[in-house]
Amino acid sequence: MSTIRKRVLVTGGAGFLGSHLCERLLRDGHDVLCVDNYFTGRKENIAHLLSDPHFEAMRHDITFPLYVEVDRIYNLACPASPVHYQYDPVQTTKVSVIGAINMLGLAKRTGARILQASTSEVYGDPSVNPQTEDYRGNVNMLGPRACYDEGKRCAETLFFDYARQHRVAIRVVRIFNTYGPRLHPSDGRVVSNFILQALQGQDITIYGDGQQTRSFCYVDDLIDGFIAMMEADDDITGPINLGNPHEISVRELAERIIALTGSRSKLISRPLPQDDPLQRCPDITRAEKLLGWQPCVPLEEGLRRTIEHFAEMLGVQVAQGRA
Ligand code: NAD
Ligand code: UDP
Ligand code: UDP
């Protein structure tokens, strides 16, 4: 796709999204430097890339300065699931804020273009649905999700200030729930939890009444959005929502997964975690207009591919196709 080879830094490159992004950038003919401290990322996610002479992996924590020479920076380093980002909340804020300062300082010195992986969590528990980029959000700054939500909000502020004050070429994408192969099996996210429970015949844990909604984007679609945004014209800084606007309830998701896996698991209720957003759905008009981007993998197809991945990991057979 791309004709000019660039030196691309991916922070958080050994994580779920980062490893898919590294793969894609190598396929597009770039030199990729993956920087990760393996807090939630795994070496096995990038093991298949290590023999590629255009790929390099470096263990580093981005809350400390990093001096390398690059043309593009994708800043993805940050634990992303509620279980993981609440495990060490102070570190979560540090990686979001100090990590952003260091990567922006690096971009300022090298003149690299830098993309921030922001999140739909900047909208908190939204009072408008679907969420447009103009909506300023409803975040409880004192609650257990705040380390992530406020950390990411502050990172966005830093990005726009570095652009205004230091002319750094920035891109900010707000990612909505994304799923696919290599989701960490124990990070508690809903898609991986439900698939693992269904495949192992365990009860499926619905938090609350399961009427809360999310909109799930398949990882390949999201990576297309990342690249489109990074390579867009300079006046397109964002923030831009990237996600799949197909909204479904958590209960409906569980039922789909049960059907697709042919599982006999039962649905059971568990308490709804504090500050869990009741609804979430991206308005992607801006991405469609400015980037010509929209997701194209339907939920059922994406779930099939993800189920296949986890079934292989567990060494179980699935008779798919009953949905
Ligand atoms: P992930 O946990 O799989 O990946 C995060 C990666 O960052 C891991 O490899 C981890 O080891 C690394 N990391 C954490 N702290 C670090 C540090 N201090 N220094 C260097 N590396 C560090 O999560 P993911 O789903 O791949 O998310 C990637 C990014 O996308 C995150 O910034 C997340 O906030 C954002 N995001 C993801 C989603 C989603 O649905 N997957 C939604 C919204 C935003
Ligand atoms: N920084 C970095 N790599 C670089 C340049 C800067 O990690 O190549 C870090 C540096 O440690 C600094 C931060 O980025 O703390 C912000 O840099 P900036 O130039 O904005 O601030 P200053 O150095 O003036 O404090
Ligand atoms: N959830 C659930 N059961 C689980 C894991 C999650 O019902 O085993 C719910 C969770 O309460 C939330 C939604 O699924 O309403 C999505 O949770 P996830 O942690 O994947 O992402 P979030 O969008 O909350 O960051």
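Ligand 2 sits among P65, L66, Y67, I101, N102, G105, L106, K108 and R109. Sorted by class, that shell comes out as five nonpolar, two polar and two charged residues. All of this is read from a predicted model. The protein averages a pLDDT of 96, and 98% of the residues score at least 70. The scores for the model are ipTM 0.98 and pTM 0.98.

Ligand 3 has 16 residues around it, and R189, V190, N193, T205 and Y207 are the ones that come nearest. Two elements, α6 and β8 (204-207), each put at least two residues into this shell. The largest share, three residues, is down to β8. As for chemistry, the shell around ligand 3 is made up of seven nonpolar, six polar and three charged residues.

Helix α6 also has a helical partner. Packed helices are described by the angle between their axes and the distance between those axes. Here, α6 (residues 190-199) packs with α8 (residues 250-261) at about 40°, and the axes are 10 Å apart. The angle therefore makes α6 oblique to α8. The crossing of α6 past α8 is right-handed. On the α6 side, the contact uses V190, F194, I195, A198 and L199, while α8 brings V250, L253, A254, I257, I258 and T261. By class, that contact counts 10 nonpolar residues and one polar residue, with no charged ones. V190 thus turns up twice in the picture: V190 is one of the residues nearest ligand 3, and V190 also meets α8 as part of α6.

Notes
Residues numbered from 1 in each chain as written. Chains lettered and ligands numbered in written order. Predicted model: local features only at pLDDT ≥ 70, side-chain atom pairs only at ≥ 80, totals over all residues. Near = placed C-beta within 6 Å. Nonpolar A, V, L, I, M, F, W, Y, C, P; charged D, E, K, R; others polar. pLDDT = per-residue confidence, 0-100. Axes fitted to C-alpha atoms, helices over the stretch in contact; angles between N-to-C directions. Helix = DSSP H or I, 4+ residues; strand = E, 2+ residues; numbered from the N terminus. Parallel < 35°, antiparallel > 145°, perpendicular 65-115°, else oblique. Left-handed = near helix turned anticlockwise from the far one by under 90°. Contact = placed C-beta atoms within 7 Å.
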